[in-house]
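Grab a pencil and work through the exercises below. Try each task yourself before you read its solution.

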Amino acid sequence: MDDLDRRLINRLQLGVPLVRHPWQALAEELDADAAQLRERVQARLDDGTLTRFGPMFDIERLGGAFTLAALSVPEARFDRVAEQLAAMPEVAHNYRREHAWNMWFVLGCATPEGIAQTIARIEAETGLPVLNLPKEETYHVGLHFPV
Amino acid sequence: MTSLLNDLQALQLRRLLEAGLPLAARPYQVLAERVGASEEAVLEQVRRWSDSGLFRRMGLVIKHRALGFRANAMLVMDIPDECVDEVGRKLGQAAGVNLCYQRPRRLPDWPYNLFCMVHGREREQVCRLIEQMLAENGLYDVPHQLLFSTRAFKQCGGRYAPPASQVAAHG
């Protein structure tokens, strides 16, 4: 990754202007070539450094629902339960964390009822109680990683 | 007044945007061709969605681990209800805090109501940052825990647009 890659990734995390020629606008800002910027983004999407480039949707505004949930999974069953969750399209992320509640995941569903149904299904399929922690207040959302 | 998209075109556009913005010199022209509308109508629709808060920005999701942000900590705290808003707003502005939310306690299993996500390159650095943040805000003595992630099993964006049949049924 060179200096232009870094500047490009930092800049794109802030969002691009909603104009007909967004890459031209960025090229002028970064003193670079528009086609070259697109090639750089494509290369980073291809090598997996970037997950996606596009709008960052507010899930609630889409009528969808989101929650953070956790399971306390016995060590011997950890990988199996992780596989069960990975197979569910509603599970957007799943992390192991150092705690008795050792599996933390985000559920994203089209409706709030979908969340309740998915939690019920996880409890039925794993036999483990789910800690459901929907957000009550947002104080800050700013996933920015300066590279 | 620009003529906007019909329901089906709008849904198609949203689906296409969930996959990402095409990497083209004129991305809205590419999308317009795919939904059968004009570039102006597509761009205007996207601006309206942006203005109404449907999406926060047209930006980038980085795989933070691939870029060296391997230390990912969830700081959870038990803050008295009467000051959780004030503390949440303050910590939300602190350096290194990417997300800050209030969530419900689930007693007796889970006593914590304020969550901050902090990502960094090194675990030690994240610990120091959090200790400093707690000290500066007079929070060192509130019950808190730091949950570092040790493995990521799944990291992907969801799909949230309703099925086309729902729109057709209303259309």
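A residue counts as buried when its relative accessible area is under 20%. Keep that cut-off handy, and remember that you're looking at a predicted model.

**Exercise 1. Get to know chain A**

Task: Find out how many helices and strands chain A has, and what share of its residues is buried.

Solution:
- Step 1: Go through the secondary structure of chain A, and you'll count five helices and six strands.
- Step 2: Now put them in sequence order, which gives α-α-α-β-β-α-β-β-α-β-β.
- Step 3: Apply the burial cut-off to the 147 residues of chain A, and 50% of them turn out to be buried.
- Step 4: Turn to the surface, where chain A exposes about 6,600 Å², with 51% of that supplied by carbon and sulfur atoms.

**Exercise 2. Size and charge of chain A**

Task: Work out how the radius of gyration of chain A compares with that of a compact globule of 147 residues.

Solution:
- Step 1: For a compact globule of 147 residues, expect a value near 15 Å.
- Step 2: Chain A itself comes out at 20 Å.
- Step 3: For another view, take a box along the principal axes: the C-alpha atoms of chain A fill roughly 55 × 35 × 25 Å.
- Step 4: While you're here, look at the charges: chain A carries 15 positive and 22 negative side chains, and the centres of these two sets are 1 Å apart.

**Exercise 3. Chain B by the same route**

Task: Describe the pattern of chain B and the share of its residues that is buried.

Solution:
- Step 1: Chain B has six helices and five strands.
- Step 2: Along the sequence they appear as α-α-α-β-β-α-β-β-α-β-α.
- Step 3: Chain B has 171 residues, and 49% of them count as buried.
- Step 4: Its accessible surface is about 8,400 Å², and carbon and sulfur atoms account for 47% of that.
- Step 5: Take the contacts in chain B with a separation of 6 or more; 65% of them link residues 24 or more positions apart.

**Exercise 4. A strand under cover**

Task: Which residues of strand S2 in chain B point one way, and which point the other way?

Solution:
- Step 1: Locate S2 of chain B at residues 71-77, and note that seven of its seven residues are buried.
- Step 2: On one side you'll see B:Ala71, B:Ala73, B:Leu75 and B:Met77.
- Step 3: B:Asn72, B:Met74 and B:Val76 point the other way.
- Step 4: Look for the strand next door: seven bridges tie S2(B) to S4 (residues 114-120) of chain B, and the two run antiparallel.
- Step 5: Pick out one pair, in which B:Asn72 has B:His119 in S4(B) as its bridge partner.

**Exercise 5. Two arginines**

Task: Decide whether A:Arg97 is buried or exposed, and do the same for A:Arg44.

Solution:
- Step 1: A:Arg97 sits in strand S3 (residues 91-97) of chain A.
- Step 2: Its relative accessible area is 4%, so A:Arg97 is buried.
- Step 3: Beyond its neighbours within four places in sequence, A:Arg97 has contacts that include A:Trp104 in its own chain and B:Asn72, B:Ala73 and B:Met74 in chain B.
- Step 4: Move on to A:Arg44, which lies in helix H3 (residues 34-46) of chain A.
- Step 5: With a relative accessible area of 17%, A:Arg44 is therefore buried too.
- Step 6: Not counting residues up to four places away in sequence, A:Arg44 touches A:Met1, A:Asp5, A:Thr49 and A:Leu50.

Definitions and conventions
Residues are numbered from 1 along each chain as its sequence is written. Chains are lettered from A and ligands numbered from 1 in the order in which they are written. This is a predicted model: local features need pLDDT of at least 70, side-chain atom pairs count only at pLDDT 80 or more; totals for chains, interfaces and linings use all residues. Side-chain values use heavy atoms; hydrogens and water are left out. Helices (H or I, at least four residues) and strands (E, at least two) are DSSP runs, numbered from the N terminus. The radius of gyration is taken over C-alpha atoms; the globule rule is 2.2 Å times the number of residues to the power 0.38. Buried means under 20% relative accessible area, exposed over 50%, partly exposed in between (1.4 Å probe, protein chains only). Accessible areas come from the Shrake-Rupley method with a 1.4 Å probe; for residues, only the protein chains shown count as cover. Lys and Arg count as positive and Asp and Glu as negative; His and the chain ends are not counted. The place of a charge is taken as NZ of Lys, CZ of Arg, CG of Asp or CD of Glu. Two strands pair if DSSP finds at least two bridges between them. Contact means heavy atoms within 4.5 Å.
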